[in-house]
Amino acid sequence: PLIYLARNASRLGVIFDVFATAKKAVNLSQLFNLIAQSGGRCNVYEDKESMQELPEDLYRSVTDDAAMRGVMRIRTTPEFQVSKLYCLSAQPMTPLGEKDQVVFSVNLRGSRSTMAVDLEFTQPEGFMGAVFAPTLQIAFRFLHVYKGSDGRMRLRRALRLSTSTYGTAQARSLVQKECDAAVVLKVLFQKALLAHAETGSDEASNMLRDWLARLVRCGPRGTSDAAKSKDSNKGPRMQISALSDYPSLTAFPRLIFGLIKSKLISADVTMSPDERTSLHLLCSTLPVEWLLTCVYPRLIGFTGVNDPPSRELALCMKSVLETDHRIFVLDVFSQIFVYYHSTNVNYNEIPAPPESQVGMVLSALCKDRPIKPKVRICKRDSHTASWFFSYLIEEAPDTLDITNTNTKWG
């Protein structure tokens with residue numbers, strides 16, 4: 001019944017937001033379709049301190065930009081078509097695979113919300129013999145709800161139209177050199193979320209491993225002299241480091257490793273089902289620059305609260321133990337951890353004053369996000385330190401033998 005209610009709500013321009021406490025299990029998974037298909041969000045509060053953010057979150061909920069009662073049409077030239085649209089609120093109005101065009105009803109929240117589309121060839125020949133250049137057209141008609149300059153909420157009808165024409169390539173290497181890493185990451189993340197929801201964390205991790213293995217097999221190959229001399233009959237040794245030949249592919253091993261280790265994809269027992277549901281809804285429409293922080297958290301260090309921040313640090317214990325930094329800021333997008341590593345802490349500096357270097361960095365990180373991140377104070381020799389250290393994942397190895405089924409992924 002909730003599915004039908006969500007579909008009717010989407011057509012009527014109704015968005016459901018849910019605000020829940022984590023003290024008792026609410027079983028938000030039962031409300032997932034209602035929230036997702038209406039284009040809503042879900043905020044989970046773990047304690048009384050985080051509940052203090054409720055008034056601000058409610059205000060943001062009713063004043064944020066929204067695209068309601070939207071209709072999106074995607075048209076393509078005959079050689080390819082839409083195979084899947086990754087958007088929780090999108091409901092097909094025409095069957096997928098219909099020739100030349102598909103139509104969806106869509107509700108979106110936030111001026112920077114994004115979605116991903118998977119495309120496929122309609123024929124095995126691909127673009128060979130095509131009369132026209134490959135063309136993709138997206139038309140989006142919606143009711144725009146926004147906050148005017150006078151502070152009042154306003155409505156206006158809007159139409160967005162985008163038509164893109166692409167070239168073709170006869171070699172896979174040309175496509176790999178020019179691929180858009182941000183787009184690929186968005187699609188991969190959505191596929192991993194879908195696999196996790198349908199089959200569990202193990203299958204989602206295996207899907208990501210298989211994708212990386214295929215990329216290495218089909219991409220540039222590197223052969224070390226040691227590998228050649230060790231066994232010349234087994235052919236070239238496939239190495240992830242060989243992807244550095246193509247700058248557009250260089251970041252993928254690190255990002256895949258981050259996806260596999262992320263709390264949203266992995267079987268993390270410290271995250272409650274309600275928190276996982278809330279994070280899933282949040283991440284599904286994030287733009288890529290914010291999605292990167294969810295996939296691979298950012299760690300920076302400070303010698304003191306008024307000292308300038310360091311460059312971005314590796315997510316490992318070495319970054320904490322073998323540096324002169326006393327304070328660390330770890331950004332995982334939905335939460336920001338401030339870890340005080342020194343035992344000689346000036347408690348007047350906890351939390352960091354807004355005018356301090358640490359305070360200004362925290363303010364900049366929280367700015368313009370769809371939800372206000374929960375800032376958590378962690379201290380050395382305290383149980384709160386485990387929150388911080390749980391995100392210090394090991395770096396992915398530089399070289400990986402894809403053919404070795406016993407390879408450890410961290």
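Ile327, Val329 and Asp331 point one way from strand E11, Phe328 and Leu330 point the other way, and all are buried (under 20% relative accessible area with a 1.4 Å probe, protein chains only, where exposed is over 50% and partly exposed lies in between). The model is predicted, so that local features need pLDDT of at least 70 and side-chain atom pairs count only at pLDDT 80 or more, while totals for chains, interfaces and linings use all residues. Residues are numbered from 1 along each chain as its sequence is written, and side-chain values use heavy atoms, with hydrogens and water left out.

**Strand E11 and its partners**

- In a regular strand, side chains alternate between the two faces of the sheet.
- Strand E11 (residues 327-331) is largely enclosed by the rest of the structure, because five of its five residues are buried.
- Strand E10 (residues 298-302) pairs with E11 in the antiparallel sense over five bridges; pairing requires that DSSP finds at least two bridges between the strands.
- On the other pairing, E11 and strand E12 (residues 335-340) are also antiparallel, over five bridges.
- Ile327 of E11 is the bridge partner of Phe302, and the bridge partner of Ile327 in E12 is Tyr340.
- Three residues lie between the strands in the hairpin of E11 and E12, where Phe333 takes a positive phi near 75°.

**His280**

- His280 is located in helix H10 (residues 273-283).
- His280 counts as buried because its relative accessibility is 15%.
- Leaving aside neighbours within four places in sequence, His280 is in contact (heavy atoms within 4.5 Å) with Phe32, Leu193 and Leu264.

**Whole chain**

- The secondary structure comes to 14 helices and 13 strands, taken as DSSP runs numbered from the N terminus, with at least four residues for a helix (H or I) and at least two for a strand (E).
- Of the 410 residues in the chain, 47% are buried.
- Among contacts between residues at least 6 apart in sequence, 69% join residues at least 24 apart.
- The chain exposes about 22,200 Å², of which carbon and sulfur atoms supply 52%; accessible areas come from the Shrake-Rupley method with a 1.4 Å probe, and for residues only the protein chains shown count as cover.
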